[in-house]
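Open your viewer, pick a cartoon style, and keep the selection box handy. We will take a short walk together, one selection at a time.

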Amino acid sequence: MAERKPLWDESNGLYTHFDAEEDILYLSRGPAVDSYARISEHDERFWFRYSDADDSKTGVTIFGARKMQADDPEDLAKRVADFLGVGRPQVLERIGQAIPS
């Protein structure tokens, strides 16, 4: 029987799930909570998620993540880090682990 990868994988405080078939990366600060999304005004590939309970920032959904990671990983990490209020190196590490090369 093949080993199943957990839906949400966590390291360094960030939780991720990468849907390789659709090229969508889900990244959250902490375990997933009920949230709503707002599409970025500057780039519709980024959906910023906020808690239903208190409007706090909970995560980012990124469409076309593999291409963005290949083209400009620093910019991708900056956008996520700036929104979630975490360090860019932390985001780079986590995205690098989540998206297979």
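Which residues is glutamate 74 in contact with, leaving aside its neighbours within four places in sequence? Keep in mind that you are looking at a predicted model, then select glutamate 74, which sits in helix α2. Its contacts beyond those neighbours are Arg88 and Leu92. Add Arg88 to the selection: the C-alpha atoms of glutamate 74 and arginine 88 lie 8.0 Å apart, although 14 residues separate the two along the chain. Is glutamate 74 buried, or does some of its surface show? Its relative accessible area is 42%, so it counts as partly exposed, between the 20% and 50% cut-offs.

Now zoom out and colour by secondary structure. The protein has 6 strands and 3 helices, and along the sequence they run β-β-β-β-β-β-α-α-α. Of the 101 residues, 37% are buried.

Next, go inside. Select Leu25, Phe46, Val60, Ile62, Val80, Leu84 and Val91, the residues with the most contacts inside the largest nonpolar core, which has 22 residues. Strands β2, β3, β5 and β6 and helices α1, α2 and α3 each supply at least two residues of this core. The largest share, 6 residues, comes from α2.

Stay with Phe46 and show what surrounds it. Not counting residues up to four places away in sequence, phenylalanine 46 touches ten you can pick out by name: Arg38, Ile39, Ser40, Val60, Thr61, Ile62, Met68, Leu76, Arg79 and Val80.

Last stop: turn on the surface. The protein exposes about 6,300 Å², and carbon and sulfur atoms supply 50% of that area.

Key. Residues are numbered from 1 along each chain as its sequence is written. This is a predicted model: local features need pLDDT of at least 70, side-chain atom pairs count only at pLDDT 80 or more; totals for chains, interfaces and linings use all residues. Side-chain values use heavy atoms; hydrogens and water are left out. Helices (H or I, at least four residues) and strands (E, at least two) are DSSP runs, numbered from the N terminus. Buried means under 20% relative accessible area, exposed over 50%, partly exposed in between (1.4 Å probe, protein chains only). Accessible areas come from the Shrake-Rupley method with a 1.4 Å probe; for residues, only the protein chains shown count as cover. A nonpolar core is a set of buried Ala, Val, Leu, Ile, Met, Phe, Trp, Tyr and Cys residues joined through side-chain atoms within 4.5 Å. Contact means heavy atoms within 4.5 Å.
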